[in-house]
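Welcome to this structure, and thanks for taking a look. Here are a few notes to help you find your way around.

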Amino acid sequence: MSDATLSSPSTTATPRNIPDRLHRRGARALKSWEFLLALVAVAIFVINCFASPYFLDPWNLSDATFNFTELGFIAFPMAMLIIAGEIDLSVASIIAITSTLMGAAAAAGAGVGLLVAIGLGTGLICGAFNALMVTGFGLPSIVVTIGTMSLYRGFSYIILGSNAYTDYPAGLAYFGQGYVFWVFSFELVLFVALAIAFAILLHATRFGRAVYAIGNNPVGARFSGIRTGRIKAILFLLTGLLSGVAAICLTSRLGSTRPSIAFGWELQVVTMTVLGGVSILGGSGSILGVVLAALVIGLVTFGFGLLNVPGIVMSIFIGLLLIGVIALPRLYARLKPRVAARRG
Amino acid sequence: MNITRKTFLRGLTTATLAAGLMMTTSAMAQAKEMRIAVVVKALGIGFFDAVDKGAEKAASELGDVKIIYTGPTNTTAEGQIQVINSLIAQHVDAIAISANDQDALVPVLKKAMKRGITVISFDSGVAKAGREMQLDDSSTPLIGKTLIKMAADNMPDGGEVAVLSASATATNQNAWIDAMKIAMKADYPKIKLVSVVYGDDLSDKSYRQAQGLIKKYPDLKTIIAPSTVAISAASQAVEDAKMTGKINVTGLGLPSQMAAHVKTGASKSFALWNPIDLGYAATMVAYNLAAKKAKAAPGAKIGMGKMGDTTLNKDNVGVMGKPFVFDASNVDKYAKMF
């Protein structure tokens, strides 16, 4: 496929053993990874069914989806950003500043429509600032977004201090607490819609091909006529926008805003992305993987929660999963030639 | 809409269960056990582990109660929401929570109450809409009374006392000192308050202020420090000035910080809320409300087992009792906890 054409110069003789090439060697390896992840999800689902009598209840499962939907919104554009070789660590802080500005507007009497507009707008502006710093001034995204991580949340602390905004109009509650039909919450439906939209954007458009190309070889991509700067800027804008969406939903779900809102979420989003098989070095990954990772994380946290397992055990489990994700392809790469040699 | 359907389903389950009860008695024991979840700010905090001990004590006294001690890894509202969602899913009978955020937890706790779960908060409260009642550790008048009583117990002939507080603008401390003055006037006429100084909750400043008090008032018998920083700084100052035995330091302190000063004799006794009692009382209250033995309403009296009753004020806030006094006989035990 076009994967192969992109990396064709290096497939015959590989001087350096860069693990993400494994995925690109064929769609087979990539597919099998997602297959493995799906198996893990099914296994956890089945184990949960036996472990707790409360697990297999549509309302309980519906409640459980809130554990990953908001994180998932951000994980989609984050996956594309990481595939393109960049990262945004300011997403949780974008939620904080967005929620704070929404709270301030609500306190001044803004209606639901205006609050949503402010939420999306603030997310976009924060994303635009990140884009400007990274693509405009050519600064490394990890440094820029560590900076804006403190900057955006800092604004929240300046505005709110130890206070909280709690007066939101009743209509706002729909986004984080409402249901489209039966047990399907607004957030879950939005999650599915966004997953489909991002899957199309990444896997079925020229834009998506360009994202992979930039991640694999930024210089080569530029020389092939791809406007790398513009595409990266769009990805930062998308990440900001979706952080704004997450902020609207989270604010609606909590019904209040404190500057510590969504604290530490940036790493949870990156965890979800990497667990989904997106190479942290860029160049490979899929939206389906991220969706499956979201499901795995959601099922693990909810299943452990039902058994009242302390949160630290969940963290350890997710950590082990993550290390497994990164280590498995490398182990496989090392073992495969040996096994082949033994057989030969 | 969806909630009514949920209630309907629950009603159906209850009906099925009731039908089952008529046939089997073993199911009755299953249904009778009450599960009370104690949700704390974060796991791994000594204070809350002690709360859990108290809750277990209450559970073994009640017999048919199972305690689920849980909480998030970090002190975040989002983490507590996740925990509460899984508790709602398990259909626990009651939730007693010490909240990380008094507002953000309201929607999820409202949902818990809608699904028939008794919700109370203790220690760090939840806004009124998100709980049936809040159990405070203590109240301002009780803290004031305890402070002056601890001083008076070690100076039967009366004499001079001084207060070393946090900052001049600290709302809590000022209220406690005022309550103490009222109790002093009423019950301890022989005690004279000579000075109130402020160490701003800084160890070195509190230490210097205590030194100043020791030099300025040669007949000083007691330093009352209603702040955990000030009380250990004052104890240190008394020890360093070789005034141990002549000047007693008392106030509000942490057993882990004060155990050494109790051993040297600089402090004969000090007070703070006892987390074991708090866990015990919160569990008893949750049990009584969930078992419909009491109803949370302004003016209502709710039993706390051996701790007596608590009366709710107009905001449905009850008080557990007076602060717990630590001295040489028990400080080591509690020093290991918090």
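1. Please keep in mind that this is a predicted model. A good place to begin is strand 1 of chain B, which pairs with strand 2 (residues 65–70) of chain B in the parallel sense, over 6 bridges. To find the pairing on screen, look for Val39(B), which has Thr70(B) of strand 2 opposite it.

2. How does the chain get from strand 1 to strand 2 of chain B? The route passes through helix 3 (residues 46–62) of chain B, and this β-α-β crossover is right-handed.

3. Strand 1 of chain B also runs parallel to strand 3 (residues 94–97) of chain B, with 4 bridges joining the two. Here Ile36(B) is a handy marker, standing opposite Ala94(B) in strand 3.

4. Strand 1 of chain B (residues 34–39) is largely enclosed by the rest of the structure, because 5 of its 6 residues are buried.

5. Stepping back, chain B is divided into domain 1 (33–136 + 275–321) and domain 2 (140–272). The centres of these two domains of chain B, taken over C-alpha atoms, are 33 Å apart.

6. Now for the partner chain: 24 residues of chain B are in contact with 27 residues of chain A. On the chain B side, helix 1 (2–23), strand 2, helix 4 (77–89) and helix 5 (106–114) each supply at least two residues. Helix 4 of chain B gives the most, with 9 residues. Sorted by class, this side of chain B has 10 nonpolar, 10 polar and 4 charged residues.

How values were computed: Residues numbered from 1 in each chain as written. Chains lettered and ligands numbered in written order. Predicted model: local features only at pLDDT ≥ 70, side-chain atom pairs only at ≥ 80, totals over all residues. Domains from an automatic or database assignment. Buried ≥ 20, exposed ≤ 12 C-beta atoms within 10 Å, placed from the backbone. Pairing = 2+ DSSP bridges. Right-handed = clockwise from strand over helix to strand, strands pointing away. Contact = placed C-beta atoms within 7 Å. Nonpolar A, V, L, I, M, F, W, Y, C, P; charged D, E, K, R; others polar.
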